[in-house]
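Please open the model in your viewer and keep the selection tool at hand. This tour tells you what to select at each stop and what you will find there.

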Amino acid sequence: MSIEQLNSTEQLNQKEELSDSDRELLDSISYKYEPNRAIEDSIVRLEQEEKIYKNLEDNQPVLIRGNWRSGKTSMLKSLKNHKFGKENSIFIDASTIFSNSIDEFKSNFGKYQIIEFLSQHTKQNENEIAGEIFNSKKTPIEYLIQYLDKNKENNVFLGIDEVITLAQKNPQALEYIASLKNINQIKLAVVLHRFHSYEEKFQEIFNGFETHFLKPLSLDEVKKLITEPLKGSPVTFSDDAIEEILKFSGGRPYEINNLLNKIMSSYSEISKQKFSYIKEDIEEVANNYFELSAEMNNVVYNYEAIYLRSLSQQERGVIDTLVRDKQIPISNIERNVIQPLIDTSFVKEDKNKNIYTINGSFFETCLEKNLIRKK
């Protein structure tokens with residue numbers, strides 16, 4: 001290495017001394033990459049969003065699927081805001097519905113959201129509508145359908161989130177939710193985590209739904225996700241830095257936002273605190289693994305949940321083999337075994353080389369360093 005290269009590397013690795021105002025600016029930018037909230041107005045996966053919307057417009061109920069923290073709720077909320085509008089949408093979080101029986105579940109399902117929806121449409125008081133539903137002896141959904149039928153409305157978007165919470169404690173409730181596919185007046189989208197223990201049951205219950213596993217982001221989408229929050233600021237990422245972030249994350253927004261949140265925040269131990277980022281900056285953070293793992297513990301915990309819950313024992317064996325051998329020839333493994341790993345974004349297929357590999361260097365490193373506890 002030449003003296004010029006040594007000097008360049010030394011300058012690269014030195015954290016710049018910034019003013020308090022500059023640090024405040026970088027902190028304000030890092031907050032834009034907050035990874036733990038659902039996005040109401042997503043700027044990525046718009047092509048997939050359009051395909052889901054087309055299904056809904058054709059009265060085809062859909063399942064939005066993926067692992068924990070893959071962006072399923074963001075897709076649901078963005079569909080609501082981009083395609084249907086708040087006034088024509090009902091969003092129900094199934095995890096908030098408490099019941100001791102299926103009848104009680106039906107009576108509580110979407111009650112407050114439907115009352116709010118009807119109040120906005122009819123200009124009636126919410127308490128008045130609640131009384132009408134009670135006196136009708138109908139479930140909230142039945143009362144809603146009666147209203148939609150009477151008023152000839154058939155473009156209401158019903159998005160249901162967190163139904164995975166019902167898989168063990170109330171499978172009859174899952175069947176009830178799936179039965180809503182037969183209601184012509186609503187466009188039904190259901191968020192369903194992948195959970196290997198229940199996959200056969202899910203297939204049976206949600207027969208007739210079109211399934212959309214959320215895809216990893218393309219390079220162009222990763223670039224958009226990174227650069228959009230930087231507009232109007234002096235912060236830049238080189239093209240090769242963006243490519244390195246794609247390699248690191250596997251194109252999963254949760255990993256990308258976690259990483260960017262950390263490297264710019266003054267509260268982070270791995271913060272670079274600078275205005276221009278190149279490939280070597282991302283490599284330095286990624287290679288400084290043990291420091292990074294503490295900073296990225298939410299991502300590691302998420303990987304653990306995925307490894308233990310989403311993947312079957314056979315699928316974990318495939319992942320372990322890929323980590324050890326770095327690749328598996330396409331001809332060496334049955335398609336039905338590998339497909340769920342492709343669907344959930346942790347394996348990628350290289351048709352030119354006829355091999356499968358792990359998608360995302362951070363996930364691979366977590367497995368190599370045994371940070372993911374295998375129970």
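The tour goes from a sheet, through the helices beside it, to a helix pair and then to the nonpolar cores.

This is a predicted model, in which local features need pLDDT of at least 70 and side-chain atom pairs count only at pLDDT 80 or more, while totals for chains, interfaces and linings use all residues. Residues are numbered from 1 along each chain as its sequence is written, and side-chain values use heavy atoms, with hydrogens and water left out.

**The sheet**

Select residues 347–350, strand β9, together with residues 355–358, strand β10, which pair in the antiparallel sense over four bridges. Helices (H or I, at least four residues) and strands (E, at least two) are DSSP runs numbered from the N terminus, and two strands pair if DSSP finds at least two bridges between them. Within this pair, Val 347 has Ile 358 of β10 as its bridge partner, and Glu 349 stands opposite Tyr 356 in β10. In the hairpin, where four residues lie between the strands, look for Asn 354, which takes a positive phi near 60 degrees.

Now add residues 328–329, strand β8, to see an open sheet of three strands in the order β8-β10-β9, with antiparallel pairing. Its edge strands are β8 and β9, each of which pairs on one side only.

**Helices on the sheet**

Select residues 313–325, helix α18, which packs on the sheet and touches β8, β9 and β10, its direction making about 90 degrees with that of β10. Such angles run from 0 to 180 degrees between N-to-C directions, and axes are lines fitted to C-alpha atoms, for helices over the stretch in contact.

**A helix pair**

Which residues should you select next? Choose 239–249, helix α13, and 279–287, helix α15, which pack at an angle of about 30 degrees with their axes 7 Å apart. The two helices are therefore roughly parallel to each other, a term for angles under 35 degrees. Their contact (heavy atoms within 4.5 Å) includes Ile 245 and Phe 248 of α13 and Ile 282 of α15.

**The cores**

Finally, select Leu 180, which is among the residues with the most contacts inside the largest nonpolar core, a set of 99 residues. A nonpolar core is a set of buried Ala, Val, Leu, Ile, Met, Phe, Trp, Tyr and Cys residues joined through side-chain atoms within 4.5 Å, where buried means under 20% relative accessible area (1.4 Å probe, protein chains only). Leaving aside neighbours within four places in sequence, Leu 180 is in contact with residues including Phe 109 and Ile 160.

Terms used
Parallel < 35°, antiparallel > 145°, perpendicular 65-115°, else oblique. Buried < 20%, exposed > 50% of the residue type's maximum accessible area, 1.4 Å probe, protein only.
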